[in-house]
Amino acid sequence: MNFLATSIESLGAKVVGWFGVGYGIFAFLAQAVLLLLDRATWNRATFDVVIKQVYFTAVQILTVFLGYALVISWLIITIILSTARDFGLTEFASEMTIRVLVLELLPFLTALFVALRSGSAINTEVALMQVNNELDALAHCKVPPMQFEFLPRLIGGVVSVITLAGLAGLLALLMAYLTIYGINMAGFEPFTRTIAKVFDFRIVAGLIVKCALFGLAVTLIPVTAGLETPKKLFMVPVSVLRGMMRVFFAIVAIEVVSLALKYI
Amino acid sequence: MAAVAALPDDVARVALELPLRANLSALDNIALIPLYQRHYGAAESALQAQAMLDRLGYADIALLRDPDMTPAQRFVTKLARALILKRPRLVVDRPGAMLYDVPYPSFIRQLAAQADMTGTWEIYDFSWNQVLYNQALNSE
């Protein structure tokens with residue numbers, strides 16, 4: 001009986017903890033959105049930091065990322081094409097490629113890529129800033145940390161994931177065309193018709209919203225996890241571990257909800 | 001020392017607990033103040049920050065980041081950041097904790113003479129360090 005009570009208490013504490021974390025993330029997001037809507041936020045200094053963040057998150061990794069997207073796309077397209085040939089379904093290969101690669105897999109992998117590279121760095125940096133009192137120092141100097149440190153990272157993450165996923169999608173479309181039809185214009189008309197059929201307004205809007213949510217998840221969650229860090233240096237790795245686990249669950253949850261909305 | 005942390009908003013503090021942004025250079029740490037508080041452009045803010053370092057006699061540390069600075073250079077950057085805030089009072093909180101590589105009473109006195117700013121400078125230090133200040137005064 002005692003064991004049961006302890007288990008229920010422990011479960012209850014965990015659930016309350018999850019709600020606390022969720023509330024903290026959404027409260028922070030609300031604060032960021034309010035600041036975003038404030039005209040005073042949009043000065044040259046904030047804009048410069050946003051540009052810098054987009055550079056660090058997206059431009060700096062562009063070649064590596066596109067190379068990685070190219071290899072993954074080529075592999076998946078080849079698998080889809082050979083499977084479609086085996087079953088005599090070659091005419092569906094291009095649609096299958098677009099749906100699997102461009103709409104689902106590449107945005108998901110882009111989010112994972114940015115999370116592992118930039119999300120973990122953001123989590124560590126914010127946690128160190130918290131532990132070293134750097135945020136207190138900024139507050140003492142009346143330099144708003146939200147405007148200077150956090151908001152540019154959120155915007156940078158959203159812009160980066162949308163553009164990287166878009167670029168990877170374009171590259172995958174090009175690869176799909178070349179793999180299915182080869183270097184000639186014979187398949188241009190049916191291929192573009194398939195693209196037009198798949199990419200209706202609802203799907204494009206859904207894709208952009210999904211990528212924006214991925215971008216938010218890979219920046220917002222590491223920032224809030226970093227801010228939760230107790231002022232003890234040994235807690236920094238724990239903070240990064242927690243933050244990255246939450247990012248992973250958030251990315252998977254966004255993908256699952258997106259799939260459910262599209263296909264169920 | 002809790003009293004120092006609870007000082008009002010019109011006090012600029014130089015303290016161990018108020019570090020520099022580790023991934024910014026000395027110049028950028030100082031330039032943040034005109035950039036975000038007075039909404040100057042990036043170039044003008046950098047000029048003001050450089051002028052402040054020049055005045056303190058440490059123009060050459062502009063591009064150094066916190067981990068690359070000596071304790072004295074770090075202190076000067078923090079002091080420049082506090083001075084550019086242009087608050088009427090400046091409090092140096094336990095300088096011995098930050099300036100362990102120089103005889104700090106005379107070092108601060110020298111910086112104060114170079115800074116040539118309006119307003120008051122106050123030093124909060126442990127009473128047993130009083131003798132160091134007396135020695136610095138007697139040696140002049």
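**Exercise 1. In this predicted model, determine which residue of β3(B) stands opposite V91(B), and describe the sheet in which the pair is found.**

*Solution.*
Step 1. V91(B) faces E122(B), a residue of β3(B).

Step 2. Consider next the pairing of the strands. β2(B) and β3(B) run parallel and are joined by five bridges.

Step 3. Place this pair in its sheet. The strands of chain B form an open sheet of three, in the order β1-β2-β3, with parallel pairing. β1 (11-14) and β3 (120-124) of chain B are the edge strands; each has a single partner strand, so one side of each has no neighbour in the sheet. From one strand to the next, the twist averages 20°.

Step 4. Add the helix that covers part of the sheet. α4(B) lies across β1 and β2 of chain B, and its direction makes an angle of about 175° with β1(B).

**Exercise 2. Locate K86(B) and R94(B) in chain B, and assess their phi values and exposure.**

*Solution.*
Step 1. Begin with the general expectation. Most residues other than glycine have a negative phi.

Step 2. Examine K86(B). Its phi is near 55°, a positive value in a residue other than glycine. K86(B) belongs to the loop between α4 (71-84) and β2 (89-93) of chain B.

Step 3. Examine R94(B). This residue is not a glycine, yet its phi is positive, at about 45°. R94(B) is placed in the loop between β2 and α5 (95-98) of chain B.

Step 4. Assign the exposure. A residue is partly exposed when its count of other C-beta atoms within 10 Å falls between the limits of 12 or fewer for exposed and 20 or more for buried. K86(B) has 14 such atoms and is therefore partly exposed. R94(B) has 18 and is therefore partly exposed.

**Exercise 3. Describe the fold of chain A and identify which helix gives the most to the largest nonpolar core.**

*Solution.*
Step 1. Count the elements. Chain A has nine helices and zero strands.

Step 2. Consider its extent and packing. The C-alpha trace of chain A spans about 65 × 60 × 30 Å along its principal axes. Of the 264 residues in chain A, 35% are buried. Among the contacts in chain A that link residues at least 6 apart in sequence, 85% join residues at least 24 apart.

Step 3. Turn to the core. The largest nonpolar core has 53 residues, and those with the most contacts inside it are L154(A), V161(A), A172(A), F214(A), A217(A), V218(A) and I251(A). At least two residues of this core come from each of α3 (62-86), α4 (93-131), α6 (145-181), α8 (201-227) and α9 (236-263) of chain A. The helix that gives the most is α6(A), with 15 residues.

Step 4. Note the separate core. A second core, of 37 residues, includes A26(B), M52(B), L56(B) and L111(B).

Step 5. Inspect one core residue. Leaving aside residues up to four places away in sequence, A172(A) touches A69(A), S73(A), L101(A), V102(A) and L106(A).

**Exercise 4. Characterise the side of chain B that touches chain A.**

*Solution.*
Step 1. Establish the contact. It involves 16 residues of chain B and 15 residues of chain A.

Step 2. Identify the main contributor. On the side of chain B, helix α2 (residues 26-37) gives the most, with five residues.

Step 3. Classify the residues. That side of chain B has nine nonpolar, three polar and four charged residues.

Note on methods. Residues numbered from 1 in each chain as written. Chains lettered and ligands numbered in written order. Predicted model: local features only at pLDDT ≥ 70, side-chain atom pairs only at ≥ 80, totals over all residues. Contact = placed C-beta atoms within 7 Å. Helix = DSSP H or I, 4+ residues; strand = E, 2+ residues; numbered from the N terminus. Nonpolar A, V, L, I, M, F, W, Y, C, P; charged D, E, K, R; others polar. Pairing = 2+ DSSP bridges. Axes fitted to C-alpha atoms, helices over the stretch in contact; angles between N-to-C directions. Core = buried A, V, L, I, M, F, W, Y, C linked by C-beta atoms within 7 Å.
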